[in-house]
Each structure stands twice: as C-alpha cells, then as structure tokens.
Amino acid sequence: DGDVVRRERFGGGPARGFLSSMSADERIFEADLAVDRAHVVMLAEQGVVENDEAGEILAALDDVEAAGHDALPDGEDVHAAIETAVIDSVGSVGGKMHTARSRNDEVATCIRYRLREDLLEVLEATLVFREALVEAADGHAETLMPGYTHLQPAQPTTVAHWLLSYEQAVARDTERLLDAYSRVNRCPLGAAAFAGTPFDIDRERTAELLGFESVVENSMDASSTRDFLLETVGALAALATTLSGAAEDLILFSNKGYVELSDDYASTSSIMPQKKNPDTMELVRATAGDASSGVNGLLTTLKGLPRAYNRDLQRATPYAWETVDAVREATDVAAGAVATADWDEGALEAAAGEGFSTATGVADALAMAGLPFRTAHELVALASEHAERSSAERSSGEQGDSRDGSDYAALDAASEEVLGDPLAKHVPREAVESALDPEASVASRDSRGGPAPEAVGEALSMARESIDVD
Ligand code: ARG
C-alpha cells in the first residue's frame, strides 16, 4: 500500500526552478495545511473518504506542520510538496486528499486565507496610527501653525487641525481596506480546476470551516479571479499615498524647525556629525513607490488573461505580499514617529503669523461688516503688497520703525485708495485688529471641521468614536 508509483511526465528539467513557487509559497504553508484539513474533514463528512482514511491524512498533516516548511520534499509548489509528504507518510491513501479539488482552487483559497490575516494586521496598524494622530492632536488643539497651499504660507491653523486632517484620510483608508477584506473573505474551494466536480462536496462547509463568510459562486470565476488582490493592493496604495503626504509634511516641518522627530525615528550622517535627518519619514514617503509597483505589477499581469486558470497567476501573488508588508511597516513607523514627535510651539506660533497670513481673515471681517467680498479681497491684496514692500525696506535697514501696527496702517492706506475713506469708517478697528491676530483668527474659524479649538474638540471626539467602531 505504501508503494505508490509516481509518474512524472513533466518533471520540469532545466525549467524546474522557473516553474517552482516553493520559496514564495512559504507564506501560505500554514494556510495550505488549514485548507487541506478543512477539505479532508468535509470529504469524510460527505462520505467521499472513509473516516479512518481522513484520520490518517489529518495525522500526517500534523506531522508535516511540526516538521515545518523547510522540511518539505521537493515539489513544484507547496501544495504538491505537502501532498507528497502526506503520501510519503501514510502511503497511497494520502492521495485521496486531492479528491474533488485542484491546485487551482486550492491556491486561490490559500491566498485569500493568508491575505485575511495580513489585512487584519494592516487594519490594526491604521487604527494605531489614527490613535497616535488623535492623541497628539489632543495635546495641540491650541498650538498655532502656519497652514500652506502651493507650499506658500496661506492661513494660520493649529497642529491638531493638521493631525486630524490625516486621521480622517487614514479613516477612509481603513474603510477601503475593510471593504477589500469583505470580498477577500469568500471561499473558492470546491471550484476544482475551474469546472466543478462530480463528487458530492459541500462548499459551504469548507468555507465555514475556514472561517470564510461565503463562497465564490461560479467555479470558473472562483479559480481564476485575482481581482481581490488588485483591490487589496489598490487600497494599500491609497494608504501609502496618505502616508507619503504625512511623511512629506513632517520632513518639511523638520526642515523649518517646527517639529523634531524622536531619535528613534531619525538618522544621522556618516560624515556630518551635527546632522539629524528624518530618514524614517523619507522611507515612509518612498513606500508609495512599492505600492505603485504592486498595483502596476498586478494590473499588467492580470490584464487580458483568458479564462480560466493560467500560470501567470503564480507571479501575481507576490505583488500582494510585498505591498502588504511594505505598507504595514510604513504605517507602524509613521504611527511611532507621530506619537513621539516634539512640536516646537514657539517656532510654530512665530511662523503662524508671518507673511500677512491672516489676510483672508481680514477680508472676511471686512465682508462681515458689509463690504462685498471681492472689494474686501482687493483692499487686503493692496495692503499686503504695501506691507511686503515696507517689510522689505525695514529689513534693508532704511527705516527703523517697529512692525507693530504696520499691517493695520497698510490696510488703512489701502482703504483710502480703494474706498476713498479711512478703514475705521467701514469696520471697527478692534474687529480688524482681532482678524489680524493669528490666535483670534483661528478661534474665529469655528465652522464644522474648521481649526477653531472648539471645532477641533468635536472632531476629536468623532475621531475617537470612529476608531472604536472600526
Ligand atoms: N503554484 C500555482 C500558483 O501559485 C498553483 C498551481 C497551479 N498549477 C497548475 N499547473 N495548474 O498559482
């Protein structure tokens, strides 16, 4: 009974290594054992194999697991190698394991089984990152900072508002990953090569044993589709893009001295002893490249594949593993960097008011006093040109007067030019002074989702709630 004559018509010859997915398959070694067990249990329950035969196979699978992936005999892939190990151990009865299935539905099931685990880990990493963003925001609801558009100082905001902007973005990444998870979590097992099987199998039972939510219905689709890889990697690429933006901001803020990464998340130079570089954030930024190669690799590999299974699919799978590993690690690192970063409140506050950053707020104040917004915009634009010129003169030492009041003076002069009156005739001076003050300016922008500490407080509790729900 132990003498199985195994005839290998296609041994592979010189192309054997090329055909083999053995090393990449280490990732699905445990998954394959789980799939084998579920399948054998179902076959026994359905009376397709005898209970004692199933028992022998299951015991052999335990031995294979104990010996580990590295102890597997040679094989074209992990599925073939495990089957060989089982037959080596229990004889030809081991060959019953592959009844009513094919490696095509087997591998598709293994990938989904393992990918669920990886997706859960990366989902967990997004939650940890979101918590780090929320915790940091909690401590900086009133820390002013310059906000930028086109990388030019635009309007003052707060560190908390910046942090929460990323929390929201990562929350959507969590959502996309959960959405991908829901479709990864369907079981193709029982599709066999693509055309089903005459054996009386129970696909729902194996799906249940493996913890899948449902089955992939059509057997031809089930064995050949890899769209679940594509949408997973797509969601990961979106997350990597979010991370790269946050990393870029932190690199810029480090450059300006607004934030200092903890030593654990910085690196130094082998020649310039004074250097402290935000290398971890640069690597996080670069992870978008890994994700992009995953998306491109999958799209080009999957494009135009005919029905049903084609061996191209073997080369599609590693794109998913590489992307999920790279993005999970980058998410962990981003979370750690944010949780330990030190924000320089003095430098941030000073920068928040630079360059007539409150100009928009002043225009809003003029419009609130009844001027058409476009007129207010024109007036403030003119004032800001004046202010820029006089600040250039001051810094070249031609005039000694202090900067205090110069923004108001510039607005007043612009008012004479645009409206023909001093500004105070149109708007109370205090309203303008208040709009010119970065702190008051931020506090006034209390619209939903805005930077005012009040609005940020609400956003904080909403973010905490959504993290709990996710
Ligand atoms: N190792 C293959 C893969 O990863 C599965 C084997 C299917 N092989 C075959 N000749 N049908 O896709």
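**View 1. L243 and its contacts in helix 9.** Beyond residues up to four places away in sequence, L243 touches V284, T287, A330, T331 and A334. The model shown here and in the views below is predicted. L243 sits in helix 9, residues 227-256. L243 counts as buried because 28 C-beta neighbours lie inside 10 Å, and the cut-off for burial is 20 or more. A169 stands 74 residues away from L243 along the chain. The C-alpha atoms of L243 and A169 are separated by 9.4 Å.

**View 2. A240, a buried residue of helix 9.** A240 belongs to helix 9. Its contacts, leaving aside neighbours within four places in sequence, are T287, A288, A291, V327 and A330. T287 and A330 also appear among the contacts of L243. A240 has 28 C-beta neighbours inside 10 Å, so A240 counts as buried. G13 is 227 residues from A240 along the chain, and their C-alpha atoms are separated by 41 Å.

**View 3. Helix 10 against helix 11.** Helix 10 covers residues 279-302, and helix 11 covers 312-340. Their axes come within 9 Å and cross at roughly 160°. The two helices are therefore roughly antiparallel to each other, as angles over 145 degrees count as such. The crossing is left-handed. The residues of this contact divide into 14 nonpolar, six polar and four charged.

**View 4. A cis peptide bond between R307 and A308.** The bond from R307 to A308 is cis. Its omega is near 0°. A308 lies in the loop between helix 10 and helix 11.

**View 5. The shell around the ligand.** Ten positions are shown in this view: S21, D77, R103, N104, V107, Y309, R311, L313, Q314 and T317 surround the ligand. Helix 5 (103-139) supplies at least two residues of the shell, and so does helix 11 (312-340). By class, the shell residues divide into three nonpolar, four polar and three charged. Among the charged members are D77, R103 and R311.

**View 6. Helix 5 packed on helix 6.** Helix 5 also contributes to the ligand shell. Its partner in this view is helix 6, residues 159-184. The axes are 9 Å apart, and the packing angle is about 165°. That angle makes helix 5 roughly antiparallel to helix 6. Helix 5 passes helix 6 in a left-handed crossing. The contact residues divide into 21 nonpolar, two polar and five charged.

**View 7. Helix 2 alongside helix 3.** Helix 2 runs over residues 29-45, and helix 3 over residues 51-67. They pack at an angle of about 170°, with their axes 9 Å apart. Helix 2 is therefore roughly antiparallel to helix 3. From helix 2, the contact is made by L33, D36, R37, V40, V41, L43 and A44. From helix 3 come N51, A54, I57, L58, L61, V64 and E65. These residues divide into ten nonpolar, one polar and three charged.

**View 8. V90 of helix 4 and its contacts.** V90 lies in helix 4, residues 78-90. Leaving aside neighbours within four places in sequence, V90 is in contact with E56, I57 and A60. I57 also takes part in the contact of helix 3 with helix 2. The C-alpha atoms of V90 and I57 are separated by 7.1 Å. Along the chain, V90 and I57 are 33 residues apart. V90 counts as buried because 23 C-beta neighbours fall inside 10 Å.

**View 9. Positive phi at two alanines, A100 and A192.** Phi of A100 is near 65°, a positive value in a residue other than glycine. A100 lies in the loop between helix 4 and helix 5. A100 is buried, with 21 other C-beta atoms within 10 Å. For A192, phi is near 55°, again positive in a residue other than glycine. A192 is placed in the loop between strand 3 (186-187) and helix 7 (203-209). A192 has 23 C-beta neighbours inside 10 Å, so A192 counts as buried.

Technical notes: Residues are numbered from 1 along each chain as its sequence is written. This is a predicted model: local features need pLDDT of at least 70, side-chain atom pairs count only at pLDDT 80 or more; totals for chains, interfaces and linings use all residues. Axes are lines fitted to C-alpha atoms, for helices over the stretch in contact, and angles run from 0 to 180 degrees between N-to-C directions. Helices (H or I, at least four residues) and strands (E, at least two) are DSSP runs, numbered from the N terminus. Angles under 35 degrees count as roughly parallel, over 145 as roughly antiparallel, 65 to 115 as roughly perpendicular and the rest as oblique. Two residues are in contact if their C-beta atoms, placed from the backbone, lie within 7 Å. A residue is near a molecule or strand if its C-beta atom, placed from the backbone, lies within 6 Å of it. A crossing is left-handed if the near helix is turned anticlockwise from the far one by less than a right angle, and right-handed if clockwise. A residue is buried if 20 or more other C-beta atoms lie within 10 Å of its own, exposed if 12 or fewer, and partly exposed in between; C-beta atoms are placed from the backbone.
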